[in-house]
Amino acid sequence: MELRQIEYFIEVAKREHVTEAALNLHVAQSAVSRQIFNLEAELGVELFIREGRNVRLTAIGRSFLEHMEQAKKVIDNAKGEIKDYLDPERGTIRIGFPSSLAAYTLPTTISAFREQYPNVKFELNQGSYHELVEGVVKGEFDLALIGPVPKHEKKVTGKTLFTEKIVALLPTNHPLAELPHIELNQLRNDSFILFPKGFILHDMIVDACKQQGFKPTVSFEGKDIDAIKGLVSAGLGIALIPEITLIDSLPRLTVKKKLVKPNISRTVGIIIPSERKLLPTEVVFYEFIQELFAKINQFQIDLF
């Protein structure tokens with residue numbers, strides 16, 4: 001079995017089409033078909049069911065794909081480790097992040113890091129809380145910024161970088177817009193704009209409302225923090241969002257209000273896999289980001 005056969009097999013399995021796989025691999029269709037045929041002959045089983053120009057995996061093909069994807073990641077990690085060992089200041093870091101940290105925390109951190117390590121490259125992957133944890137566990141990316149920091153995930157290790165408040169974003173014409181701060185219970189009759197179910201911020205807000213004795217009326221759900229802020233700006237509801245998402249400026253026709261009774265906050269940090277050792281370049285970034293936020297917290301530098 002050759003590495004080329006594994007790569008061809010994975011590509012065909014993903015696309016379920018030999019021609020499309022060949023185009024993406026920049027090789028002739030006949031070369032892909034031949035390698036798949038040779039692989040099946042070597043294994044003694046059919047990995048695909050042919051349906052005209054399309055193909056789909058057999059049951060044993062699906063099982064084989066899982067093993068080959070894991071094998072490919074092991075090979076890629078080994079190659080990356082050798083590359084980083086030769087020069088850890090020129091490696092590539094695959095980092096995941098949620099949309100709530102995309103506008104300020106992530107770019108500010110990377111900018112500070114690149115001042116010291118200008119040749120390190122980044123591959124950025126946005127996802128929900130659960131996608132970030134799963135992505136780190138499966139090796140889809142090396143580490144992830146996340147909030148809140150998971151406490152009971154055995155396959156990832158989390159380090160808290162800072163804690164931030166959840167604030168209320170209201171339209172300027174809201175009856176509570178002139179108050180210095182508001183209680184969550186005062187919003188029980190409002191229409192909420194939330195992240196969708198499955199997003200950790202959705203669960204945090206719904207749980208906080210339940211603790212105050214009401215279930216929020218949800219008018220809109222959106223995965224993008226800027227879209228949520230835009231809907232509040234249009235007067236279509238209120239949102240409870242991390243304060244850091246408003247650090248640069250408030251959306252037009254909105255006001256930010258501190259929440260009391262209860263105070264809602266979340267930890268923000270970084271997670272790494274518990275069952276895989278970080279590569280040298282990843283270690284450099286992991287140590288850098290902890291030192292950066294330790295200084296910010298110690299000296300109360302107003303960056304975040």
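Student: Which share of the contacts in the protein chain with a separation of 6 or more comes from residues 24 or more positions apart?
Tutor: Keep in mind that we're looking at a predicted model. Take the contacts in the protein chain with a separation of 6 or more, then pick out those between residues 24 or more positions apart. That share comes to 73%.

Student: How many helices and strands are there in the protein chain?
Tutor: The C-alpha atoms sit in a box of roughly 75 × 45 × 35 Å along the principal axes. As for what's inside, the count for the protein chain is 9 helices and 12 strands.

Student: What percentage of the residues in the protein chain is buried?
Tutor: To be buried, a residue needs a relative accessible area under 20%. The protein chain has 304 residues, and the buried part of them is 46%.

Student: How far apart are the mean positions of the positive and negative charges?
Tutor: The protein chain has 37 positive and 39 negative charges. Take the mean position of each set, and the gap between the two is 3 Å.

Student: What does helix 1 reach from its first C-alpha to its last?
Tutor: Helix 1 has 13 residues, and at 1.5 Å a residue the expected value is 18 Å. Its buried residues include Ile6, Phe9, Ile10 and Ala13. An α-helix has 3.6 residues a turn, so residues three or four places apart point the same way. Back to the length: close to that expected value, helix 1 reaches 19 Å.

Student: Which residue with a positive phi follows helix 1?
Tutor: Helix 1 covers 3-15. Just after this helix comes a residue with phi near 55°, and that's glutamate 16.

Student: Is histidine 17 buried or exposed?
Tutor: Histidine 17 is in the loop between helix 1 and helix 2. Among the residues it touches are Val12 and Arg53. Its relative accessibility is 13%, and the cut-off is under 20%, so histidine 17 counts as buried.

Student: Which backbone nitrogens does the side chain of histidine 17 reach at 3.3 Å?
Tutor: Look ahead into helix 2, which runs 18-25. One backbone nitrogen at 3.3 Å from the histidine 17 side chain belongs to threonine 19. Another, also at 3.3 Å, belongs to glutamate 20.

Student: Why is alanine 22 classed as buried?
Tutor: Alanine 22 is found in helix 2. Leaving aside neighbours within four places in sequence, alanine 22 is in contact with Val27, Ala28, Gln29 and Val32. A residue is buried under 20%, so alanine 22 qualifies with a relative accessible area of 4%.

Notes
Residues numbered from 1 in each chain as written. Predicted model: local features only at pLDDT ≥ 70, side-chain atom pairs only at ≥ 80, totals over all residues. Heavy atoms only, no water. Helix = DSSP H or I, 4+ residues; strand = E, 2+ residues; numbered from the N terminus. Buried < 20%, exposed > 50% of the residue type's maximum accessible area, 1.4 Å probe, protein only. Polar contact = N/O pair within 3.5 Å; in protein donor to acceptor, adjacent residues only side chain to side chain. Contact = heavy atoms within 4.5 Å. Lys, Arg positive; Asp, Glu negative; His and termini not counted. Charge placed at Lys NZ, Arg CZ, Asp CG, Glu CD. Expected span 1.5 Å × (residues − 1).
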